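Subject: Structure handover

Hi,

Here is the structure I promised to pass on. Please open it before you read my notes.

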Amino acid sequence: MKPVDYIIIAIVAIIVFAATAYIIKAKRSGQKCIGCPDSKTCSGHCQGCNGSCQSK
């Protein structure tokens, strides 16, 4: 493998680690719908993130 391959693998690993850390942190802080603008007040039954979470 060339050094460029190691750099690409490291970048992908950092991105995966950062995404996983973000999800874990968000779940621990009580967010049910990660990525939803109303995730802290959301009931967890989002029907799409269009600016407001709606309960079923």
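My notes on the fold, the helix and the surface follow.

This is a predicted model, in which local features need pLDDT of at least 70, side-chain atom pairs count only at pLDDT 80 or more, and totals for chains, interfaces and linings use all residues. Residues are numbered from 1 along each chain as its sequence is written, and side-chain values use heavy atoms, with hydrogens and water left out.

The fold first. The protein has one helix and zero strands; helices (H or I, at least four residues) and strands (E, at least two) are DSSP runs, numbered from the N terminus. Of its 56 residues, 11% are buried, meaning under 20% relative accessible area, with exposed over 50% and partly exposed in between (1.4 Å probe, protein chains only). The accessible surface is about 4,500 Å² (Shrake-Rupley method, 1.4 Å probe). Carbon and sulfur atoms hold 64% of that surface.

Now the helix. Helix 1 has 26 residues and should span 38 Å at 1.5 Å a residue (times one less than its number of residues). Its end C-alpha atoms are 37 Å apart, which agrees.

Val4, Ile8, Val12 and Val16 form a nonpolar surface patch with about 350 Å² of accessible area together. Ile8 lies in helix 1, residues 3-28. Its relative accessible area is 46%, so Ile8 counts as partly exposed.

Last, the region after the helix. Gly30, just after helix 1, has a positive phi of about 100°. Gly35 lies in the segment after helix 1. Gly35 is exposed because its relative accessibility is 59%. The C-alpha atoms of Gly35 and Ile23 are separated by 9.5 Å.

Best wishes

Methods:
Patch = residues over 30% accessible without salt bridge, like charges linked within 9 Å, V, L, I, M, F, W, Y side chains within 5 Å. Salt bridge = Lys/Arg side-chain N within 4 Å of Asp/Glu carboxyl O.
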